[in-house]
Amino acid sequence: MLEHAGRESGIGVLQVLHAWARTALVHYVVPAHRDEAGRALAQGALAELRAAEPGGSAQLTWARFFASVASDEADLQLLGALLDGPARIDGLEMDQELRWTFLEPLATYGVVDEERIAAELARDDTASGKRHQVRCLAARPSEAVKAQAWAQVAESDALSNALVEATIAGFAQPSQRELTAPYAAKYFEAIGRVWEERSIQIGVLLVRGLFPSLQDGPEPLAAADAWLNDHADAPPALRRLVLESRDDLARAHRAQATDAGTAAWSRPRSGRRARRPSPLGAGRRARRRAGQGHVRPKPRRASQVRGPTMPSTGARGGFRPCPAVSAGGMAARTKPPAQRFPVTPPLPSPKRHIPGAGRPG
C-alpha cells in the first residue's frame, strides 16, 4: 500500500486503502509482526503527510491515517506537539475534528488524562464534542476504565444511542487486547439478556461492537461455537449477528496463520518495502544455480503443444494438435470433425387445408 498509495489522486480511493491497511494490521497480521508492521505504516504515513500538497485533501487524509496507526513514543510526541504546539506542518489546518482525531491515540496510550480531555471538550462543547469526549475517556488504558465502560453500555440503559456507540468504539482498542480479554466470556453471558431488554438498535450495537474480535487464540472462536450450539432457539437476528462476527474472526485467524508462514517484513535501503519472493520462481532459481539454465517445463495439456492445431471436439472445447502433417513438414488441411450426434432433419411443415381445394367440382 505504501508503495503506490502516495500516487493515488482519488481521495475516496485513498481513504478506502487506508481503511483496508488498518484492518489488515489489526485483524490479519500475525501478532509477532504487528509492531513492525505498525511502525512501517506510521513511518510511511508520516512521510506521505510531509510530502503531500499543503492544504490539500490528501494531506488531511494522510494526517488522519497517521494518527490511527501511531504507536511509538516519537509519533505520539509529534501528535501532541501538533495538537498543542509548537510543531507545525505547512498547510495542515488543525480544525476541531482533526484535534479530536489526534487526541484519541494520546488517550489510548495514556499520554493525556481526563483533565486534558475535559479541556478539549470545553473548546468544543457540542453534541459531536461530547461523543468524542466519551470515546476518548473509554479508550484510556486502565482496568477501571474498561469496567466502567462495560457497565455503562452492557448493564445500564442511561446512555443515548450515540454515546453507547462512542463508548463501544473507545472500549475496543486493538492495542489493549489484554485489558479487554476478560470481557469475552461476559459477552456471551450478556448478549441474550441485552437482546431481550434493549432496543433493536442498541442490541445490534452491543452484539457487534463488543464481540471479542480482537482476541488472539482459539478461545473466542470456540466460545462463539459453543454459544451457537447451546442457543439454537435464540432469535434468528441475534444468531445471524453472532454468526457473522464468528466468521469474521475465523477469517482473521486463517489470515494470521498464513502470515505466520511468511518471512518477517523488511525495508530495503531504498526506502521501499522488500517484496516477498514468489514461490513460482523457486524452481527457476534452483536450476540456474545448478547450471542447467532455463528449462522449459513439460506441457501438461495437449493444447500447450506447439504445432498445427485444429478445433477440439472435447467437452471443454479449445484446440488440440493436428495429427495430419505432410512429409514436407507443412500441416495438411483437415476437414472439420464429424458431429458427434446426427442432426435430425426438420419435419416438413403441414400443408394448410384450403376449403374447396382438391375436391372434385
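Of the 361 residues in this chain, 33% count as buried (buried is under 20% relative accessible area, exposed over 50%, partly exposed in between, with a 1.4 Å probe and protein chains only). This is a predicted model, where local features need pLDDT of at least 70 and side-chain atom pairs count only at pLDDT 80 or more, while totals for chains, interfaces and linings use all residues. Residues are numbered from 1 along each chain as its sequence is written, and side-chain values use heavy atoms, with hydrogens and water left out.

**Exercise 1. Count the helices and strands in the chain.**

Solution. Go through the chain and you get 15 helices and 2 strands. Both are DSSP runs numbered from the N terminus: H or I with at least four residues for helices, E with at least two for strands.

**Exercise 2. Work out how H5 and H6 pack, and which residues meet.**

Solution. Step one: find helix H5 at residues 96–108 and helix H6 at residues 114–123. Their axes are 11 Å apart, at an angle of about 170 degrees. Axes here are lines fitted to C-alpha atoms, for helices over the stretch in contact, and angles run from 0 to 180 degrees between N-to-C directions.

Step two: name the arrangement. H5 and H6 are therefore roughly antiparallel (angles over 145 degrees; under 35 is roughly parallel, 65 to 115 roughly perpendicular, and the rest oblique).

Step three: list the partners. From H5 come Gln96, Arg99, Trp100, Leu103 and Ala107, and they meet Arg116, Ile117, Glu120, Leu121 and Arg123 of H6. Contact means heavy atoms within 4.5 Å. Sorted by class, this contact has 5 nonpolar, 1 polar and 4 charged residues. Ala, Val, Leu, Ile, Met, Phe, Trp, Tyr, Cys and Pro count as nonpolar, Asp, Glu, Lys and Arg as charged, and the others, Gly among them, as polar.

**Exercise 3. Now do the same for H6 and H7.**

Solution. Helix H7 covers residues 127–138, and its axis is 9 Å from that of H6, at an angle of about 170 degrees. So H6 is roughly antiparallel to H7. On the H6 side you'll find Glu114, Ile117 and Leu121, which meet Gly129, Lys130, Gln133, Cys136 and Leu137 in H7. That contact splits into 4 nonpolar, 2 polar and 2 charged residues.

**Exercise 4. Is His18 buried or exposed, and what does His18 touch?**

Solution. First, place His18: you'll spot it in helix H1. Its relative accessible area is 5%, so His18 is buried. Next, skip its neighbours within four places in sequence, and the contacts of His18 are Met1, Thr61, Trp62 and Phe65.

**Exercise 5. Describe the lining of the largest cavity.**

Solution. A cavity is a set of points on a 1 Å grid over the protein atoms alone where a 1.4 Å probe fits but cannot get out, and lining residues have an atom within 4 Å of a point. The structure holds 2 cavities of 30 Å³ or more, and the largest has a volume of about 40 Å³. Its lining is Trp150, Ala154, Tyr187, Ala190, Ile191, Val194, Leu206, Val207 and Leu210. At least two of these residues come from each of helix H8 (143–154), helix H11 (183–197) and helix H12 (200–209), and H11 gives the most, with 4. Check the classes: 9 nonpolar, no polar and no charged.

Methods. 1 Å grid on protein atoms, 1.4 Å probe; cavity = no way out; pocket = protein on both sides within 12 Å on 5 of 7 lines; lining within 4 Å. Points joined across faces, edges and corners; volume = space filled by probe spheres on them.
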